[in-house]
Amino acid sequence: MNLSLQLHLQCTPLHILVKSATATATATTRSWSCYASLSIPQPSNINVLNGSSPLSSERKEIRLGLPSKGRMSNDTLELLKNCQLSVKQVNPRQYVAEIPQLSNLEVWFQRPKDIVRKLLSGDLDLGIVGLDTLSEYGQGNEDLIIVHEALEYGDCRLSLAIPQYGIFENINSLEELSKMPQWTEDKPLRVATGFNYLGPKFMRENGLTHVTFSTADGALEAAPAMGIADAILDLVSSGTTLRENNLKEIEGGTVLESQAVLVASRKSMIQRTGVLETTHEILERLEAHLRAIGQFTVTANMRGSSAEEVAERVLSQPSLSGLQGPTISPVFCKRDGKVTADYYAIVICVPKKALYKSIQQLRAIGGSGVLISPLTYIFDEETPRWRQLLSELGL
Ligand SMILES: Nc1ncnc2c1ncn2[C@@H]1O[C@H](COP(=O)(O)OP(=O)(O)OP(=O)(O)O)[C@@H](O)[C@H]1O
Ligand SMILES: O=P(O)(O)OC[C@H]1O[C@H](OP(=O)(O)OP(=O)(O)O)[C@H](O)[C@@H]1O
Ligand SMILES: [Mg+2]
């Protein structure tokens, strides 16, 4: 059992964080692995809170929650590093760290579901988690605001899957599944899932009434073969785990598409000093980086009589218009004692996917000496997401 003791002011109760498996007798929470906060000493008056100690609102530091382990952890640190927001962690077993670029910010490493819970309880201000986790544990709470909805990693979908064999052999859609005569009040469709909020909600919204759910923390794909469930509702990425366990997805059975998102507490952004400014800076850096990684800078030389004439040739090609149009500068050389500009250097940004097409078009209009370099950031005047966030906050 993991115990961490926080002794507060004399008149306030002692707060103990305890893995909730040990607290199930008193807990009214649905969660089977949450950290609950118990107030003692009166054993007859034990409160299970889903979060914060009363002192947390007095803190001055801004707190960002990052996944402490699992598949999101490394990619999150890598993304921040690429945004020049490297996380400085003294050692991997320490759960607190800092981002020297952002003053007054503490990074706390937590399990993704605990990041969502702690945002809700006010113990964290910002966090990075998968949309699936946010939706499951946030349960549509209005305090949670998605600041950036597409951090471009952790891609997966939450899907219903059924066996490829037996009575399911010819079932390929949610509609067909729901119409199977096998499911009755006495013998409902048994679904194994770790998504105990989203699962029932999805089934209700799709009119499946004769359904029961069982839960497990992992390896759900084994449940149908073990005879524990008829179907599973779990995350799918490559589809390999489903295939290897003779399961299949069905049409209409996708609950949500997920990737990593930046989420913030509305209350924190409005009430806590500096949270909104820090959110702005993180958002700007993320957006500028993510916009840049899809693009290359292309430089080429081109013979021409004037910058305008070269510009006309460049703009005649569909893949060469750049972000706002080409930058064209004269390349000066000395001929017969006179400085002239027969050549022009053009600089454009090109989507990575369109690189080869762009080079072909450059050659077709007389481009030579083509140089390709990666882009680090593209900062626009103002990010649309920032404007959207301010309007969401009523600012
Ligand atoms: N197969 C996958 N491919 C891509 N992303 C995934 C995949 N599975 C999960 N994810 C994303 O990564 C997040 C973290 O998943 P991870 O497996 O690390 O932790 P977990 O399963 O939620 O927790 P646990 O430590 O209990 O296994 C998920 O919430 C989801 O957003
Ligand atoms: O479609 P795929 O690429 O095969 O990925 C899907 C699997 O990945 C996740 O499990 P994870 O590896 O996180 O193991 P877990 O069950 O212990 O969480 C998810 O729960 C699926 O089982
Ligand atoms: Mg997992």
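Reader: What makes strands 17, 18, 16 and 19 an open sheet, and in which order do they stand?

Author: In this predicted model, local features need pLDDT of at least 70, and side-chain atom pairs count only at pLDDT 80 or more. Residues are numbered from 1 along each chain as its sequence is written. Strands are DSSP runs of E of at least two residues, numbered from the N terminus, and two of them pair if DSSP finds at least two bridges between them. The 4 strands follow the order 17-18-16-19 with antiparallel pairing, and strand 17 (327-335) and strand 19 (367-374) are the edges, each pairing on one side only.

Reader: How do you know that strand 16 and strand 18 pair?

Author: Strand 16 (residues 295-303) and strand 18 (residues 338-351) run antiparallel and are joined by 9 bridges; the definition asks for at least two, so they count as a pair. Within this pairing, Arg303 has Tyr343 of strand 18 as its bridge partner.

Reader: Why is strand 15 called mostly covered?

Author: Buried means under 20% relative accessible area, with a 1.4 Å probe and protein chains only, and 6 of the 6 residues of strand 15 (residues 260-265) are buried. Ala260, Leu262 and Ala264 point one way, while Val261, Val263 and Ser265 point the other way, and all are buried. In a regular strand the side chains alternate between the two faces of the sheet.

Reader: Which strands are joined to strand 15 by bridges?

Author: Strand 8 (residues 126-130) is joined to strand 15 by 5 bridges, and strand 9 (residues 144-148) by 4, both running antiparallel to strand 15.

How values were computed
Chains are lettered from A and ligands numbered from 1 in the order in which they are written. Side-chain values use heavy atoms; hydrogens and water are left out. Buried means under 20% relative accessible area, exposed over 50%, partly exposed in between (1.4 Å probe, protein chains only).
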